[in-house]
Amino acid sequence: MLDDAKQADAQVDNVLEVNNIEVIYNHVILVLKGVSLNVPKGGITALLGGNGAGKTTTLKAISGLLASERGEVTKGSIKYRGQDIQHADPAETVKQGVVQVMEGRHCFEHLTIEENLMTGAYTRTDGNAAIAADLELVYNYFPRLKERRKSQAGYTSGGEQQMCAVGRALMSKPETILLDEPSMGLAPQLVEQIFDIVKSINEQEGVTFLLAEQNTNVALRFAHYGYILESGRVVMDGPAKDLRENQDVKEFYLGMSDEGRKSFRDVRSYRRRKRWLS
Amino acid sequence: MNEQLAFTIEVFLNGLMAGVLYALVALGFVLIYKASGIFNYAQGVMALFAAMTLVGIQNGQVPFAHLINAIFGTDVHKFGWHVHSFAAILLTVIVMIALAWMVQQFVFKHLVGQEPIILFMATIGLAYFLEGVADLMWGSELKALNVCASEGNCLPQGMNVWLEGTTYEALGYGFFIDNLDIVASIVAAVLVAGLVIFAQYTKQGRAMRAVADDHQAALSVGVSLNFIWVLVWSLAGFVALVAGIMWGAKSGVQFSLSLIALKALPVLMLGGFTSIPGAIIGGLIIGVGEKLFEFLIGAPFLGGATENWFAYMLALVFLVFRPQGLFGEKIIERV
Ligand SMILES: Nc1ncnc2c1ncn2[C@@H]1O[C@H](COP(=O)(O)OP(=O)(O)OP(=O)(O)O)[C@@H](O)[C@H]1O
Ligand SMILES: [Mg+2]
């Protein structure tokens, strides 16, 4: 009995478990080659890596958006609260409490900011009053959106669009937000501001985040735990604090090194060595 | 009051009424194109199919009678009852929704993410398939469509007299306007207003616009594309039904009805493929333009029959000088 309870506890701890998944696009392009990761409840987990590493693909595999891009999870499993979701369609996944904020914001350009936010509440069935209350909540986190509520989203700035995208996701009353590259194309100050808000949403609303970022520096400052992806594989993971201190991470992702910059040749041999090791 | 001017005004009004029909067909195109990027070649055939279904139900025809008789050696043609216009329209709406569902389920669901040209080809296939089905279901002979209370009397009693009386007083000349046209225009206006209200102020309407803007993003917040696309095809089917009724009530239900789609093309070039106001204004401009041109220039100087090509000429001029159309949506640049 006691053991069972403990096991259940451990299960609840990780809301999301990705187990050794393989993803193929167009039936031929193998992009993820066995990615595993755990997302603990109430935390901010970062998914790091360079261009084309597979971060977006991983998030889309979880949210179910892969199918509309002719991508497919061919191996492994994705469990949300212990339930298989790799074959669920995105609407079901949203109803279960997982919503993705896509890379590049993807606001509905011809809808106003407020209409964008309201569309986020599409799957909800808990009544207009609850939805209106959450709209106020979103405006509290993003006062800027309230000022711009009647503007067409297409005419707002990049920062406002990012806020709109996050706010729209919040409107679904999610438990977990998959946030893809929120820093993309934003000024450092704005990036900081967005991450601050993400942090307070995480702390005050208890929303779990899985965060894909190229901006390793910022991501590791705000996240609790991090995974590093490289060409479709997890090459390293650990608490954000450790990753920040890690020599390899510093070299490759934070752009600093004790011995100064290594030459490209060194980097290549280093990678080869690493592959042998793993 | 100058006789010529009065005639011109009458031609103008008749043009407006014709334009209403073009606008409706174009509206069907715009709805589907906006929401799914599919250029629906079958829109005209949908109008035909809807009108045939309506007449068939009204007259109590047995669907697929020919086929049934051929297989079972029976000789059934009619149920022997007549269905009231309103009930028949309602049933036809249900048939059009079922059609929308089938189109999505059996065709476009499997083509998600394909090239636009492939989707377009699919609608060409759909058009011919649907034409065949309509033929098989209801037979191909010309049928009269009568949706008015009694033959040719659509307006409340006395309205026609009133209309002629007032125009006589105002212009010294009583118009001849088909009262069917007036009803048609009112119905069309109500329909368009209804559509706009639906799109602007309801949850599903908002979702429909969201899908039109960015369907990946709509998917990501849990909007079911399948559902929205069935909805859009249903609306287009409904619009096609209204267009079919108007055309059918004027000239009978026959296969040439599917050709009004060709008249909608120049309307789209004029109004822009993604603009609902564009479809409406474009339809009216083309309707009025071709009638006035025929009356003022075509008939006296060019030997008439200009209505066949005028719309395309106008569209061509527009394509050269304003390719996005009158109201084609501005592409919003990312800031
Ligand atoms: N729809 C697709 N069809 C085919 N290949 C794809 C598709 N989407 C992504 N890929 C490929 O999958 C690989 C991983 O892409 P992904 O977008 O997941 O990387 P990412 O880590 O998010 O990169 P970035 O930081 O640039 O966003 C890339 O090589 C990319 O070319
Ligand atoms: Mg990416």
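This is a walk through a predicted model of two chains, A and B, starting with chain B, moving to the interface, and ending inside chain A.

Let's begin with the overall build of chain B. Its secondary structure consists of 13 helices and 0 strands, so reading along the sequence gives you nothing but one α after another, since helices here are DSSP runs and no strand runs are found. Of the 335 residues in chain B, 48% count as buried. The contacts reach well along the sequence: among those in chain B with a separation of 6 or more, 74% are between residues 24 or more positions apart.

A good residue to pause on is B:Ala249, which you will find in helix H10 of chain B. With a relative accessible area of 22%, B:Ala249 is partly exposed, because the buried class stops under 20%. Leaving aside residues up to four places away in sequence, B:Ala249 touches B:Leu145 and B:Leu180. If you would like a sense of distance, look from B:Ala249 to B:Phe29: these two are 220 residues apart along the chain, and their C-alpha atoms are separated by 22 Å.

Now let's turn to the place where the chains meet. How many residues of each chain take part? On the chain B side there are 27 residues, in contact with 33 residues of chain A. Together the two chains bury about 2,700 Å², and 54% of that area is on carbon and sulfur atoms. Across this interface there are 7 residue pairs in polar contact, both residues being at pLDDT 80 or more. There is also 1 salt bridge between the chains. It joins the side chains of B:Arg209 and A:Glu115, with a nitrogen-to-oxygen distance of 2.9 Å.

Which elements of chain B give two or more residues to the side that touches chain A? They are helix H8 (203–213), helix H9 (215–220) and helix H10 (225–251). Of these, H8(B) gives the most, with 7 residues. H10 of chain B is already familiar as the helix that holds B:Ala249.

Helix H9 of chain B offers a close-up of the interface in the form of B:Ser220. Is B:Ser220 buried or exposed? Its relative accessible area is 4%, so it is buried. Its contacts, not counting residues up to four places away in sequence, are A:Leu65, A:Val94, A:Val99, A:Gln100 and A:Met102. Within its own chain, B:Ser220 lies 34 Å from B:Ala23, C-alpha to C-alpha, with the two positions 197 residues apart in sequence numbering.

One of those contacts, A:Val99, leads us into chain A. A:Val99 stands opposite A:Ile177 in strand S7 of chain A. Strand S6 (residues 98–101) and S7(A) run parallel and are joined by 4 bridges. S7(A) is also joined to strand S8 (residues 208–213) by 5 bridges, and this pair runs parallel as well. Within this second pairing, A:Leu178 has A:Leu210 of S8(A) as its bridge partner. To get from S7(A) to S8(A), the chain passes through helix H8 (residues 188–205) of chain A, making a right-handed β-α-β crossover.

S7(A) itself, residues 176–180, is mostly covered, with 5 of its 5 residues buried. Both of its faces are covered: A:Thr176, A:Leu178 and A:Asp180 are buried on one side, and A:Ile177 and A:Leu179 on the other.

Elsewhere in chain A, helix H3 (residues 90–96) contains A:Thr93. A:Thr93 is buried, with a relative accessible area of 1%. Apart from residues up to four places away in sequence, A:Thr93 touches A:Ile62, A:Ser63, A:Ile85, A:Ala88 and A:Val98.

Finally, two loops of chain A deserve a look at their backbone. Most residues other than glycine have a negative phi. A:His27, however, has a positive phi near 70 degrees. A:His27 lies in the loop between strand S1 (14–25) and strand S2 (29–40), and it is exposed, with a relative accessible area of 65%. A:Arg81 also has a positive phi, about 50 degrees, although it is not a glycine. Its place is the loop between strand S4 (71–80) and strand S5 (83–84) of chain A, where A:Arg81 is partly exposed at a relative accessible area of 49%.

Technical notes:
Residues are numbered from 1 along each chain as its sequence is written. Chains are lettered from A and ligands numbered from 1 in the order in which they are written. Side-chain values use heavy atoms; hydrogens and water are left out. Buried means under 20% relative accessible area, exposed over 50%, partly exposed in between (1.4 Å probe, protein chains only). Two strands pair if DSSP finds at least two bridges between them. A crossover is right-handed if, with the strands pointing away from the viewer, the path from the first strand over the helix to the second runs clockwise. Contact means heavy atoms within 4.5 Å. Buried area is the accessible area (1.4 Å probe) that two parts lose on being put together, summed over both. A salt bridge is a side-chain nitrogen of Lys or Arg within 4 Å of a carboxyl oxygen of Asp or Glu. A polar contact is a pair of N or O atoms within 3.5 Å; within protein, one must be able to donate a hydrogen and the other to accept it, and residues adjacent in sequence count only if both atoms are side-chain atoms.
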